[in-house]
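Here is a friendly walk through one protein model, written for someone who likes to know where things sit. Keep the sequence and the 3D view open as you read.

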Amino acid sequence: MMAAGAAAHSEHGRHIALAMQKIGKGLLPAYRIRDEDKLYRIAELLDIDTLGKEMLEVAYDVATKTLEDYQNQDHHKGCHWISATLPDKRVDLLSRLGALPHNIDATVSQIMARTHIGCDAEPKNVFLGGIRGALADFNGMSLATELSDVMFGTPSPVVTEANIGVIDKDAVNIAVNGHNPLLSEIICDIARDMNDLAKEAGAEKGINIVGICCTGNEVMMRHGVPLATNYLSQEMAILTGALDAMVVDVQCIMPSLPQVGNCFHTEVITTMDENKMQGARHISFHEQNAVETAREVIQCAINAFTRRDPNKINIPNVKQTAVVGFSSEAVITALSNLDAVDPLKPLVDNIVNGNIQGVALFAGCNSTQTVQDESYQIIAKTLAANNVLLLATGCGAGAFAKHGLMNQQATEQYAGDSLKAVLTQIGDAAGLNGPLPLVLHMGSCVDNSRAVTLATALANRLGVDLCDLPVVASAPEAMSEKAIAIASWGVAIGLPTHLGTIPQVTGSDVVTELMQEGAKDLFGGYFIVETDPKIAGNKLVEVIKAKRQGLGI
Ligand code: WCC
Ligand code: FE2
């Protein structure tokens with residue numbers, strides 16, 4: 001599962017890096033470099049000489065050096081992105097343990113080879129091999145996130161809405177579902193040009209793009225596109241009878257969608273040649289034909305709109321305001337309103353003085369083994385009441401956005417007094433006329449790396465390693481291979497990591513022990529498996545308290 005997760009995130013990353021390489025050569029006119037400052041920051045991070053180079057040449061060099069992480073054959077050299085993004089102490093520890101990947105593809109391939117029948121049968125060795133795969137996952141998602149910001153813009157706070165009620169009966173509704181922003185970004189651009197065509201077809205309000213899952217998170221963070229739903233309820237968007245097209249790319253897409261679409265007028269459109277579904281329309285997407293593909297998709301949706309059956313329309317009127325777009329850069333910018341010279345200082349001071357007890361990152365999926373989104377809310381409310389700062393990504397972020405925990409009212413209602421005071425101080429200084437939202441939306445699943453960027457900055461600032469910080473992670477409804485990979489690198493970088501679903505390892509006492517006590521000895525991070533969200537919330541509060549004691553704060 002760790003290898004599959006690493007493959008999925010890193011394939012996404014490769015796709016982005018290859019596109020950036022082509023942009024650098026001027027071969028993809030539909031795309032451009034939208035965040036030049038970030039491009040140069042990354043070039044510096046990766047030790048790329050930019051002197052006298054044109055901006056596009058720098059983009060090419062950044063993409064090329066990034067792609068070395070898929071090519072390097074020297075086992076003594078780790079991947080560039082891990083070394084550039086984790087604290088030195090952590091990189092040293094992982095290196096000593098032999099857990100650093102030297103090449104994403106080779107690491108995934110090696111896991112497949114060593115788990116073949118009759119190979120690696122020593123539990124700790126298998127576990128460490130898996131951890132190396134999980135760290136390859138981290139590397140792949142870090143590069144995917146950072147290069148996406150360069151190409152599509154680094155998110156900053158934006159106010160939008162979430163939940164199924166964002167589907168509008170008076171518009172041509174197009175849902176973008178999956179993960180990769182390469183097509184959805186162009187669909188957002190082209191939809192503006194084709195708005196009049198939708199109106200001519202009878203849609204009073206033109207085109208309404210809505211998001212599902214992480215493609216949804218990507219366009220939500222960058223453009224304020226409303227989020228219809230997260231993973232487990234993706235079919236429900238079609239059941240409204242008013243969704244005209246659902247366009248999907250990769251990962252976490254239910255293969256049932258075309259059948260559900262067939263009960264309505266909805267076009268379900270696959271776009272990636274390696275991800276097709278029986279019964280779906282396939283429109284093959286390549287960056288070279290991005291604009292044509294986007295036009296074709298939107299035209300399909302407009303045509304479908306004219307076939308709607310008004311008797312089948314039933315859109316539940318549920319939606320919540322969500323303030324999203326908290327990249328690590330956006331958090332630092334918000335903090336810089338309090339201290340322009342040293343933006344991290346207000347955060348560090350408030351953690352040290354206890355106004356903020358710690359930080360929790362919510363990641364991961366929905367699972368059919370749980371009531372959708374419920375555990376997220378219970379754990380978050382427990383932590384917030386105990387003055388823990390909350391971050392979220394992926395379907396966790398979707399859960400909080402849909403249920404109204406990503407707005408200012410939620411902070412007023414659920415944050416402990418000292419957390420509320422800090423969030424209000426930062427929010428007011430940032431011109432929000434009130435607090436920051438209770439849970440900060442950091443993005444899609446690949447954007448978990450944003451939370452690590454922030455944690456690394458904190459660790460470096462305090463001169464400690466990540467495992468010393470009062471920072472925890474929670475995946476209350478972990479389900480996919482990617483979630484297993486994320487949780488595993490969470491442990492490997494030192495985070496106590498809660499799983500609310502039981503991982504498929506408990507058949508072995510040895511492996512179960514390895515994931516908890518064994519991992520703690522090796523990495524400082526460990527898995528906390530707890531299916532009861534109330535107990536889980538309390539356990540995480542206790543862990544944070546113990547970490548504070550360890551730091552003497
Ligand atoms: Ni990431 Fe999990 Fe959602 Fe899929 S989209 S379901 S891996 S959290
Ligand atoms: Fe995702």
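## Ground rules

Buried here means under 20% relative accessible area, exposed over 50%, and partly exposed in between, using a 1.4 Å probe and protein chains only. This is a predicted model, where local features need pLDDT of at least 70, side-chain atom pairs count only at pLDDT 80 or more, and totals for chains, interfaces and linings use all residues. Residues are numbered from 1 along each chain as its sequence is written, chains are lettered from A and ligands numbered from 1 in the order in which they are written, and side-chain values use heavy atoms, with hydrogens and water left out.

Helices (H or I, at least four residues) and strands (E, at least two) are DSSP runs, numbered from the N terminus.

## The iron ion

Let us begin at the metals. Donors are N, O and S atoms within 2.8 Å of the metal (3.2 Å for Na, K and Ca); water is not among the atoms, so sites may look incomplete. For the iron ion (ligand 2), the protein donors are His-179 through NE2, Cys-214 through SG and Cys-445 through SG, at 2.0 to 2.3 Å. The angles among the four donor atoms of the iron ion (ligand 2) run from 91 to 143°, and its site is irregular. As for that label, four donors count as tetrahedral if all angles lie between 85 and 135 degrees; four count as square planar and six as octahedral if opposite donors are over 155 degrees apart and all others between 65 and 115; anything else is irregular.

Along the sequence, the donor residues of the iron ion (ligand 2) follow the spacing H-x34-C-x230-C. His-179 sits in the loop between strand 2 (172–178) and helix 8 (181–193), and Cys-445 in the loop between strand 11 (439–443) and helix 20 (448–462), so this pair ties together parts that are 266 residues apart in sequence. His-179 counts as buried, at 1% relative accessibility, and Cys-445 counts as buried at 10%.

## The nickel atom and the bridge

Which residue is the only protein donor of the nickel atom of ligand 1? That is Cys-445, through SG at 2.0 Å. The nickel atom of ligand 1 has four donor atoms with angles of 95 to 140° among them, and its site is irregular. Cys-445 bridges the nickel atom of ligand 1 and the iron ion (ligand 2), and the two metals lie 2.5 Å apart.

## Around the metal site in sequence

Gln-251 lies in the loop between strand 5 (243–248) and helix 12 (257–262). Gln-251 is buried, with a relative accessible area of 16%. Contact means heavy atoms within 4.5 Å, and Gln-251 touches Ala-8, His-9, His-12, Gly-178, His-179 and Lys-482, not counting residues up to four places away in sequence. One of these, His-179, is also a donor of the iron ion (ligand 2).

Cys-213 belongs to helix 10 (residues 213–223) and is buried, with a relative accessible area of 3%. Most residues other than glycine have a negative phi. Cys-213 has a positive phi of about 55° although it is not a glycine. Asn-163, also not a glycine, has a positive phi of about 115°; Asn-163 is in the loop between strand 1 (158–162) and strand 2.

## Helix 23

Does helix 23 (533–551) show its buried residues on one face, or are they spread around? Its buried residues are Pro-533, Ala-536, Gly-537, Leu-540, Val-541, Val-543, Ile-544, Lys-547 and Arg-548. Seen down the axis of helix 23, these fall within an arc of 160°, so they line one face of the helix; the arc is that of the directions from the helix axis to the C-beta atoms. The face turned away from the buried side of helix 23 carries the exposed residues Lys-534, Gln-549 and Gly-550.

The 19 residues of helix 23 should span 27 Å at 1.5 Å a residue, and its end C-alpha atoms are 27 Å apart, which agrees. The expected span is 1.5 Å times one less than the number of residues. After helix 23 comes Gly-552, with a positive phi near 75°.

## Helix 15

Helix 15 (residues 344–352) has the buried residues Leu-344, Pro-346, Leu-347, Val-348, Asn-350 and Ile-351. Their cover includes helix 14 (328–336), strand 9 (358–362), strand 10 (388–393), helix 19 (417–429), helix 20 and helix 23. Just after helix 15, Gly-354 takes a positive phi of about 90°.
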